[in-house]
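Student: Can we go through this one together, a helix and a strand at a time?
Tutor: Sure, have a look at it and then start asking.

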Amino acid sequence: MVLHVPFRRWVHVRHRNPQALHGGFYCLLPVQGRRVIAAVARYRRPGQLEYKAFSIFVREYADMLGLGENLIWAVRDDLVKWLDALVHNSFMRHSTPGVERCWYIKHMSQLYVFAPTMLLPQGLRASFEGIRRTTWILIRHGCKAWPIQVVDGVMRNGWREFRTAHAMTTNYRLILACQRRWIFNAIILDQNGVEVSYDWTMLLNEHWRELHALQDPELTAAILNAAILSYTECICC
């Protein structure tokens with residue numbers, strides 16, 4: 001059964017029988033509903049795993065998520081890139097277009113560098129519907145994307161992973177730019193206002209699909225120029 005909600009992450013479920021030559025299943029966890037098997041790992045020969053997209057998943061989600069054509073991998077890293085793209089593409093498919101572009105800068109004080117959550121600015125919280133509503137957003141940076149759960153205007157599940165991966169320290173600034181609902185592009189500046197580069201910022205994920213209108217290339221440049229001149233949290237919509 002096709003789930004019409006975003007997937008928040010993928011997990012590796014090992015085969016229950018340790019004696020069987022089976023590498024287990026790779027499942028996608030939706031924001032609501034039961035997990036979905038996306039790929040399976042099997043031994044082509046002792047000690048050599050092969051990864052293959054699950055046939056039922058391909059049949060049900062091929063048109064929706066743009067799965068690609070080569071769906072057998074000999075290297076796990078290639079499978080992981082594909083799974084990461086499925087999470088990204090599911091948010092692209094189920095995001096809501098039509099929200100006015102907006103951006104904001106968050107100055108990383110000592111409080112936020114180590115906190116497990118982060119409060120969204122008031123101007124951005126106003127875009128979220130209702131009180132005590134749970135929403136999942138997607139933050140894109142380079143060739144990677146992080147789904148993050150927002151509850152009552154606070155980033156919770158997923159924020160720690162994003163913060164840890166980027167090793168943000170005191171006086172870093174996080175810029176989030178949005179041109180569609182719940183999907184943000186990130187820019188990170190260090191203490192000197194210089195954009196920080198990571199292993200994934202200069203790479204592309206060929207499995208990503210832009211299912212809505214492409215980003216305005218002039219927006220990112222404008223945001224970066226404004227951010228370098230700004231040292232306080234702000235919201236502009």
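**A strand and a helix**

Tutor: Let's start with one pair: I139 stands opposite F184 in β12. Keep in mind that this is a predicted model.

Student: How many bridges pair β8 with strand β12, and in which sense, parallel or antiparallel?
Tutor: You've just met one facing pair, I139 and F184 of β12. β12 covers residues 183–189. It pairs with β8 in the parallel sense, and the number of bridges is three.

Student: And which residue of β9 is the bridge partner of I137?
Tutor: Look at strand β9, residues 144–151, which runs antiparallel to β8 and is joined to β8 by eight bridges. Within β9, the partner of I137 is I148.

Student: In the hairpin of β8 and β9, which residue takes a positive phi?
Tutor: Go to the link, where two residues sit between the strands. The one with a phi near 65° is G142.

Student: How many of the eight residues of β8 are buried?
Tutor: Buried means under 20% relative accessible area. Strand β8, residues 134–141, is mostly covered. By that cut-off, the number of its buried residues is seven.

Student: Now helix α1: which exposed residues does it carry on the face turned away from its buried side?
Tutor: First find the buried ones in residues 55–65: F57, Y61, M64 and L65. They span an arc of only 65° around the axis, so they lie on the same side of α1. What covers them includes β1, β2, β3 and α2. On the face turned away from that side, the exposed residues are R59 and D63.

Key
Residues numbered from 1 in each chain as written. Predicted model: local features only at pLDDT ≥ 70, side-chain atom pairs only at ≥ 80, totals over all residues. Heavy atoms only, no water. Buried < 20%, exposed > 50% of the residue type's maximum accessible area, 1.4 Å probe, protein only. Helix = DSSP H or I, 4+ residues; strand = E, 2+ residues; numbered from the N terminus. Arc of directions from axis to C-beta. Contact = heavy atoms within 4.5 Å. Pairing = 2+ DSSP bridges.
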